[in-house]
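Have the sequence and the 3D view open side by side for this one. Here's a quick briefing to read while you click around.

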Amino acid sequence: TWSAVPAGPPDAILGVTEAFKADKDPRKINLGVGAYRDDQGKPYVLDCVKKAESILEASKPDKEYLPITGHAEFTKNAVKLAYGADSTPLKAGISSTQSISGTGALRIGAAFLARHYPHSKVVYLPSPSWGNHVPIFRDSGFEVRNYTYFDPTTLGLNFEGLKADLLTKAPENSVVLLHACAHNPTGVDPTPEQWAEISDICKERKLFPFFDMAYQGFASGSTSRDAFAVRHFVSQGHQIALCQSFAKNMGLYGERVGAFSLVTADPEEKARVDSQLKIIIRPMYSNPPVHGARIANTILANEDLYTQWEGEVKGMADRIITMREKLHNILTHDLKTPGDWGHIKSQIGMFSFTGLKKAQTVALADKAHVYMTADGRISMAGLNASNIAYFAESVDGAVKG
Ligand code: PMP
């Protein structure tokens with residue numbers, strides 16, 4: 001029956017983990033997948049999550065189904081976290097649903113727009129973007145195009161190119177995907193002033209802003225600072241779409257906790273959009289898993305746990321910043337590795353786009369047992385006090401050839 005099914009390529013990111021697992025060398029390092037590790041290189045369960053779980057256990061919750069759009073209190077608190085407690089649309093009407101983490105939010109959003117956004121079936125992604133954005137939008141019926149984002153010569157933002165593409169290349173009404181903060185894979189974010197210009201351009205060109213916020217808190221260590229772009233666009237009257245993930249900022253990766261929301265014009269419009277979100281979700285997976293949403297909601301709803309959580313997010317962000325500084329210093333000062341490594345320090349969030357070429361990443365895997373994606377992206381969270389010197393020496397070796 002399946003004799004004509006062709007073998008597909010391995011996933012660009014999860015394939016790196018496969019290669020890492022097969023490597024038996026004790027020095028091996030996996031910088032492929034974007035999952036936080038502590039300074040011992042171990043997965044990290046946040047203390048506030050452990051506390052929330054014990055509170056939940058004591059409350060002896062049942063295992064009944066959630067409604068189609070999930071845990072209502074969780075979704076309300078998630079939306080409040082992103083838009084801000086005093087956000088105007090929060091009162092007027094934000095249609096929202098729990099989702100299977102950020103990926104599921106993107107998929108619901110893309111499916112909703114494909115069915116109900118009447119003006120365009122074209123989405124513009126930053127070049128480059130998270131690899132999964134392309135198939136998510138393509139499989140939902142969108143034509144996927146790119147707008148200029150990263151400048152390979154400066155390893156920073158090509159803001160002039162970005163503006164030119166949104167002003168002249170993207171047809172009016174196109175959907176534009178924006179990484180709310182901690183852009184993946186480049187670690188390069190627009191400044192607040194640049195965000196304000198992007199918001200103006202979207203307004204002028206009637207582009208639909210579709211935000212992916214997978215790292216709220218991870219860029220600056222502050223969840224409200226990281227929500228700047230989302231809140232600015234909303235304050236300017238944009239009816240945005242927003243995807244939220246609690247995988248990284250609460251370390252709830254495998255629990256699959258997220259939310260999708262759409263700003264609507266008024267409660268009546270919200271009610272109609274709500275009804276259509278349900279119609280999209282019901283045949284996909286009926287209703288979302290309950291445990292992770294309960295954990296996240298316990299943290300968001302409890303003042304003490306919320307404060308503790310903010311500290312723990314900052315702790316993760318700060319450890320990554322320390323690793324950026326150390327790596328930069330070892331490469332620049334200790335090893336005098338050829339090239340300018342300033343971008344390691346200036347880039348933001350979990351990832352750094354090193355500028356290493358594909359051949360160098362292959363050599364690093366083959367010769368040094370150091371694994372990263374072929375585009376030269378490294379997860380900074382995979383570095384720690386024990387492996388950073390070895391990693392820097394390996395990079396030095398690869399650069400000097
Ligand atoms: N968007 C971006 C930009 C991401 O980097 C990720 C995670 N790698 C996601 C969405 C979704 O992740 P998850 O489904 O685990 O929340």
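The notes below go through strands, a helix, the ligand shell, odd backbone spots and a few contacts.

This is a predicted model, so keep the filters in mind: local features need pLDDT of at least 70, side-chain atom pairs count only at pLDDT 80 or more, and totals for chains, interfaces and linings use all residues. Residue numbers start from 1 along each chain as its sequence is written. Helices (H or I, at least four residues) and strands (E, at least two) are DSSP runs, numbered from the N terminus.

**Strand β8 and its partners**

- Strand β8 covers residues 208-213, and six of its six residues are buried. Here "buried" means 20 or more other C-beta atoms within 10 Å of the residue's own, "exposed" means 12 or fewer, and "partly exposed" is in between, with C-beta atoms placed from the backbone.
- Neither face of β8 is left open: Phe208, Phe210 and Asp212 are buried on one side, and Pro209, Phe211 and Met213 on the other.
- β8 runs parallel to β7 (residues 175-179), with five bridges joining the two. Strands pair when DSSP finds at least two bridges between them.
- Leu178 has Phe211 of β8 as its bridge partner. Between β7 and β8 the chain goes through helix α8 (residues 192-204), making a right-handed β-α-β crossover. Right-handed means that, with the strands pointing away from the viewer, the path from the first strand over the helix to the second runs clockwise.
- β8 also runs parallel to β9 (residues 241-245), this time with four bridges. In β9, Gln244 is the bridge partner of Met213.

**Strands β3 and β4**

- β3 and β4 run parallel and are joined by six bridges.
- Val123 finds its bridge partner in Val144 of β4. The chain gets from β3 to β4 through α6, and that β-α-β crossover is right-handed too.

**Helix α7**

- In α7 (residues 159-169), Leu162, Asp165 and Leu166 are buried. They sit on the same side of α7 because they cover an arc of only 90 degrees around the axis; the arc is that of the directions from the helix axis to the C-beta atoms.
- As background, an α-helix has 3.6 residues a turn, so residues three or four places apart point the same way.
- Flip to the other side of α7 and you get Glu160, Leu167 and Thr168, which are exposed.
- What do the buried residues of α7 pack against? They pack against β4 (143-148), β6 (156-157), β7 and α8. Contact means that the C-beta atoms of two residues, placed from the backbone, lie within 7 Å.

**Around the ligand**

- There are 13 residues around the ligand, and Ser101, Gly102, Thr103, Ala214 and Ser245 come nearest. A residue is near a molecule if its C-beta atom, placed from the backbone, lies within 6 Å of it.
- Helix α5 (residues 101-116) gives the most to this shell, with three residues.
- By type, the shell has four nonpolar, eight polar and one charged. Ala, Val, Leu, Ile, Met, Phe, Trp, Tyr, Cys and Pro count as nonpolar, Asp, Glu, Lys and Arg as charged, and the others, Gly among them, as polar.

**Backbone oddities**

- Most residues other than glycine have a negative phi, and most peptide bonds are trans.
- Ser127 and Pro128 are joined by a cis peptide bond, with omega about 0 degrees. Pro128 belongs to the loop between β3 (122-127) and α6 (133-139).
- Asn184 and Pro185 also share a cis peptide bond, with omega about 15 degrees. Pro185 is in the loop between β7 and α8.
- Ala182 is in the loop between β7 and α8. Ala182 has a positive phi of about 55 degrees, though it isn't a glycine, and it counts as buried with 28 C-beta neighbours inside 10 Å.
- Lys336 has a positive phi as well, near 50 degrees, and lies in the loop between α13 (303-334) and α14 (342-346). Lys336 counts as exposed, with 9 C-beta neighbours inside 10 Å.

**Two residues in helix α13**

- His328 is in helix α13 and counts as partly exposed, because it has 18 C-beta neighbours inside 10 Å.
- Leaving out residues up to four places away in sequence, His328 touches Trp341, Ile344 and Lys345.
- Arg324, also placed in helix α13, counts as buried with 21 C-beta neighbours inside 10 Å.
- Setting aside neighbours within four places in sequence, Arg324 is in contact with Ile344, Lys345 and Met380.
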